[in-house]
Amino acid sequence: MLSIVNNDTASWTDRAYELATGFADRAAVHDRSDEFVANNLDALKAAGFHKALVPTEFGGGGASIAELCDVIRIIGAACGSTALAFSMHCHLVAAAAWRWKYQQAPTEGLLKRVAAEDLSLVSSGGSDWLESGGVAEKVDGGFRVTARKPFSSGSPSGDLLVTSAVYDDPDAGPTVLHFAVPLRGDGVAHLDTWQVMGMRGTGSNDIQLTNVFVADAAISGRRPAGEWHMLFHVISKIAFALIYAAYLGIAEGARDAAVAAVAKRPADANSARRAGEMELELLSARLAHRHMVEIAEHAEPGMETTSTAMAGRTLVGRHAIATVEKAMELAGGMSFYRKSGLERAFRDVQAARFHPLQLGPQLDLSGRVALGWDVA
């Protein structure tokens with residue numbers, strides 16, 4: 001397998017490879033039973049990965065986004081559910097660190113808590129996006145929030161839900177409020193809704209918030225509902241490199257499994273061609289993802305950066321899915337058996353289709369940016 005790991009990332013990636021062996025051994029069990037990958041996430045936390053992206057001055061590991069993308073990719077080859085659930089925590093920490101460093105945003109307290117308390121953060125961003133969801137009503141000292149938040153990956157063992165709700169501001173109109181609430185707090189219910197085709201171990205259950213109090217001081221951001229805001233440009237440039245590292249890892253794992261099975265067989269032209277097609281798809285996914293990492297680490301947030309990052313999200317997803325399909329074609333009938341791992345990879349990688357921005361909205365955005373038109 002072509003390695004994109006360099007000497008600077010060896011420490012983090014070596015630890016990831018060590019853990020990935022155990023994750024791979026348990027992946028089929030989690031998949032068969034819809035069992036949350038709690039033990040895997042606990043192992044990552046014990047090895048320091050949950051605070052890896054926190055700056056060293058706040059007690060964290062000071063790792064780069066590129067380093068954690070490699071970690072997630074390695075884990076993804078072993079267990080897609082673990083990689084995806086972990087990536088959701090990572091992108092929240094990475095965005096908070098970036099905003100603290102480059103925008104002087106007041107995220108220091110959160111970052112220090114992640115490091116000191118080994119907090120697990122859970123995102124509801126994919127289900128909210130620009131419009132958000134739920135209702136925030138003004139009360140003395142804060143707001144009362146009622147909302148249902150689906151796709152809350154990692155929630156069974158999470159500590160804080162980083163989410164939002166809409167407040168009908170009498171002056172500014174519908175305003176999205178951003179905040180975090182304890183996942184074991186009053187008015188927070190975990191709904192057992194995650195019975196799905198793939199990524200069965202992520203614990204991406206719905207979270208029901210009912211009259212949850214959020215203090216004024218806990219509101220970390222406000223923005224007009226339904227409109228692009230600088231916060232979402234920061235999220236777009238950072239989050240999807242980490243999230244889609246999981247899908248690249250799944251594709252790499254499927255490729256390796258197929259090669260290991262077929263290389264033992266007598267050489268034939270059909271297998272060689274299928275292997276070549278698979279390699280082409282995987283290289284395309286890797287190149288697109290590498291560009292996403294460059295954007296996450298070096299690009300200025302804004303509409304053009306968001307457009308390019310979202311195009312990268314489409315390309316990585318498309319080519320990761322195609323890589324797994326080609327791996328199954330190369331392996332042949334054995335790939336239809338659960339024990340091969342390829343059948344699970346095929347189901348898991350399909351989730352790449354559903355994160356924002358999905359294909360239609362992504363094409364609309366990129367087309368409008370290219371034409372110089374207003375973005376809807």
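Just after helix α9, Gly-332 takes a positive phi of about 80 degrees. Keep in mind as you explore that this is a predicted model. Helix α9 covers residues 303–331, and a simple length check works well for α9: at 1.5 Å a residue, its 29 residues should span 42 Å, and the end C-alpha atoms are indeed 42 Å apart, which agrees.

**Helix α11 and its surroundings**

The length check can be repeated on helix α11, residues 359–371. Its 13 residues should span 18 Å at 1.5 Å a residue, and the end C-alpha atoms lie 18 Å apart, so expectation and model agree. Which residues of α11 are buried? They are Gln-362, Leu-365 and Ser-366. Looking down the axis of α11, you will find its buried residues within an arc of 90 degrees, so they line one face of the helix. Helix α9 is included in what covers these buried residues. Just after α11 comes Gly-372, which has a positive phi of about 75 degrees.

Leading up to α11, there is a backbone detail to look for. Pro-356 and Leu-357 are joined by a cis peptide bond, with omega at about -15 degrees. Leu-357 belongs to the loop between α10 (342–349) and α11.

**Positive phi outside glycine**

Two other residues have a positive phi without being glycine. Asp-34 has a phi of about 60 degrees and is placed in the loop between α1 (10–33) and α2. With a relative accessible area of 32%, Asp-34 is partly exposed. Asn-211 has its phi near 55 degrees and is found in strand β7, residues 205–215. Asn-211 counts as partly exposed too, at 48% relative accessibility.

**Aromatic rings that meet**

The structure holds 11 aromatic pairs. One of them joins Phe-49 and Phe-86, edge-to-face. Phe-49 lies in the loop between α2 (38–46) and α3 (65–78), while Phe-86 is in helix α4 (residues 80–103), so the pair ties together parts that are 37 residues apart in sequence. Phe-49 is buried at 1% relative accessibility, and Phe-86 is buried at 1% as well.

Another pair is formed by Trp-129 and Trp-228, whose planes stand at 90 degrees, so this pair is edge-to-face. Trp-129 sits in the loop between α6 (125–128) and β2 (135–139), and Trp-228 in the loop between β8 (221–224) and α7 (230–262), so the pair ties together parts that are 99 residues apart in sequence. Trp-129 counts as buried, at 12% relative accessibility. These two tryptophans also belong to a cluster linked by ring pairs, together with Phe-232, Phe-240, Tyr-244 and Tyr-247.

Here are the geometries of the two pairs side by side.

| Pair | Centre to centre | Angle between planes |
|---|---|---|
| Phe-49 and Phe-86 | 6.4 Å | 85 degrees |
| Trp-129 and Trp-228 | 6.1 Å | 90 degrees |

Rings can have charged neighbours as well. The charged end of Arg-15 sits over the ring of Phe-49, 5.9 Å from its centre. Likewise, Lys-138 places its charged end over the ring of Phe-143, 4.9 Å from the ring centre.

**Three serines to visit**

Ser-155 and Ser-157 make a good starting point. Ser-155 lies in the loop between β3 (142–152) and β4 (160–169), and Ser-157 is in that loop between β3 and β4 too. Is each of them buried or partly exposed? Ser-155 counts as buried, at 0% relative accessibility, whereas Ser-157 is partly exposed, with a relative accessible area of 23%.

Setting aside residues up to four places away in sequence, Ser-155 touches Val-122, Leu-183, Arg-184, His-190, Gly-203, Asn-205 and Ile-207. On the same basis, Ser-157 touches Phe-36, Leu-41, Ser-120 and Arg-184. Ser-157 and Thr-146 are 11 residues apart in sequence and 22 Å apart in space, C-alpha to C-alpha.

Ser-164 has its place in strand β4 and counts as buried at 4% relative accessibility. What does its side chain join through a polar contact? The partner is the side chain of Ser-132, at 2.7 Å. Beyond residues up to four places away in sequence, Ser-164 touches several residues, among them Ser-124, Asp-128, Ser-132, Lys-149, His-178 and Phe-179.

Conventions
Residues numbered from 1 in each chain as written. Predicted model: local features only at pLDDT ≥ 70, side-chain atom pairs only at ≥ 80, totals over all residues. Heavy atoms only, no water. Phe/Tyr/Trp six-rings, centres within 6.5 Å; stacked < 30°, edge-to-face > 60°. Helix = DSSP H or I, 4+ residues; strand = E, 2+ residues; numbered from the N terminus. Buried < 20%, exposed > 50% of the residue type's maximum accessible area, 1.4 Å probe, protein only. Lys NZ or Arg CZ within 6 Å of the ring centre and 35° of its normal. Contact = heavy atoms within 4.5 Å. Expected span 1.5 Å × (residues − 1). Arc of directions from axis to C-beta. Polar contact = N/O pair within 3.5 Å; in protein donor to acceptor, adjacent residues only side chain to side chain.
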